[in-house]
Amino acid sequence: MKYGIIGYSGRMGQAIEELFSEAGHQLVYQKDEAGEKELEKPEVIIDFSLKEAFAETVKVIEQKQVALVIGTTGLDQDDFAELKRLAEEVPVIQSFNFSIGINILSELINKVNQYVDQDWDIEISETHHRFKKDKPSGTAIMLGDLIDRDELEMHSKRLGSEFGEHEVDFASTGEVLTLKHRAYSREAFTRGVLISAEAALDLDAGFYTFKDILN
Ligand code: NAD
């Protein structure tokens, strides 16, 4: 596959290039804060950059008319409306977390929801490396959206080089249930990005989540 990366020089961009190159894919387009470089037209573009880059990403996809796999966090409702508009033209695969474990955790939260009522306390905690800019993490927001509460306590820590830890606590007055996921390398995410980019080649235009791809 011929692919491009927006956010090429970043931590995720570099980890994605390493795994894709091991899988035999060819990087033909790259873009970051310093500028862009294109060797050939890519078949799919992967965006792991920052919210500030989002408007430019939309322009690049509109102009090239190629599939987009996007994991950038901090996107708001207007950005999602733009992604849905793009998805009328090309396949768009979006997730705030491309790890398989977090997607299993989402399923487990849906299961727990069947048993806990409004009397249970539910709180989400997340820890990430000191360089992560958005708070709470996109994953914490995604997990929170699965829980039927008007207000939900979220706790964020920014510590050292932690790749990403998410914990959801459900407590009644008599017991506590904790669901926890920890990524211990960026491969937790890049594997899912690879699965998504390969799948994107065979998809029709439309908006897909990573869960749609896994299923
Ligand atoms: P990083 O700070 O290391 O890299 C950011 C990259 O974006 C750099 O290459 C930078 O040059 C580029 N960039 C910044 N502004 C830009 C602009 N205006 N135009 C083009 N490029 C620009 O960050 P990171 O740790 O690699 O994370 C990147 C993104 O991926 C973040 O939003 C992070 O939260 C997200 N993330 C998502 C997942 C997931 O599974 N969805 C997993 C990990 C990280």
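**Exercise 1. Describe the surface and overall build of the chain.**

Start with the surface. The chain exposes about 11,300 Å², and carbon and sulfur atoms supply 46% of that area. Accessible areas come from the Shrake-Rupley method with a 1.4 Å probe, and for residues only the protein chains shown count as cover. This is a predicted model: local features need pLDDT of at least 70, side-chain atom pairs count only at pLDDT 80 or more, and totals for chains, interfaces and linings use all residues. Residues are numbered from 1 along each chain as its sequence is written, and side-chain values use heavy atoms, with hydrogens and water left out.

Next, burial. Of the 215 residues, 48% count as buried (under 20% relative accessible area; over 50% is exposed, in between partly exposed; 1.4 Å probe, protein chains only).

Then the dimensions. The C-alpha trace spans about 60 × 35 × 30 Å along its principal axes. A compact globule of 215 residues would have a radius of gyration near 17 Å; the chain has 18 Å, which agrees. The radius is taken over C-alpha atoms, and the globule rule is 2.2 Å times the number of residues to the power 0.38.

Now the elements. The chain has seven helices and eleven strands. These are DSSP runs, numbered from the N terminus: helices are H or I with at least four residues, strands are E with at least two.

Finish with contacts (heavy atoms within 4.5 Å). Among contacts with a separation of 6 or more, 67% join residues 24 or more positions apart.

**Exercise 2. Locate the charge centres.**

Count Lys and Arg as positive and Asp and Glu as negative; leave out His and the chain ends. Place each charge at NZ of Lys, CZ of Arg, CG of Asp or CD of Glu. The mean positions of the 23 positive and 41 negative charges are then 5 Å apart.

**Exercise 3. Trace the aromatic cluster around Phe98.**

Set the criteria. Rings of Phe, Tyr and Trp (its six-membered ring) pair if their centres lie within 6.5 Å; planes under 30 degrees apart are stacked, over 60 edge-to-face, the rest tilted. The structure holds four such pairs.

Take Phe48 and Phe98. Their pair is tilted, at 5.9 Å centre to centre and 50° between the planes. Phe48 lies in the loop between β4 (44-47) and α2 (54-64), and Phe98 in the loop between β6 (91-94) and α4 (100-113), so the pair ties together parts that are 50 residues apart in sequence.

Move on to Phe98 and Phe210. The ring centres are 5.3 Å apart and the planes meet at 45°, so this pair is tilted. Phe210 lies in helix α7 (residues 210-214), so the pair ties the Phe98 loop to a part 112 residues away in sequence.

Check burial. Phe48 and Phe98 are buried, and Phe210 is buried too.

Conclude: Phe48, Phe98 and Phe210 form one aromatic cluster.

**Exercise 4. Work out the surroundings of Ala87 and Val92.**

Place Ala87 first. Ala87 lies in the loop between α3 (77-86) and β6. Its relative accessibility is 6%, so Ala87 counts as buried. Beyond four places in sequence, Ala87 contacts Val92, Ala205, Gly206 and Phe207. Ala87 and Ala205 are 118 residues apart in sequence, yet 5.7 Å apart C-alpha to C-alpha.

Turn to Val92. Val92 sits in strand β6 and is buried at 0% relative accessibility. Outside four places in sequence, its contacts include Leu68, Leu83, Ala87 and Tyr208.
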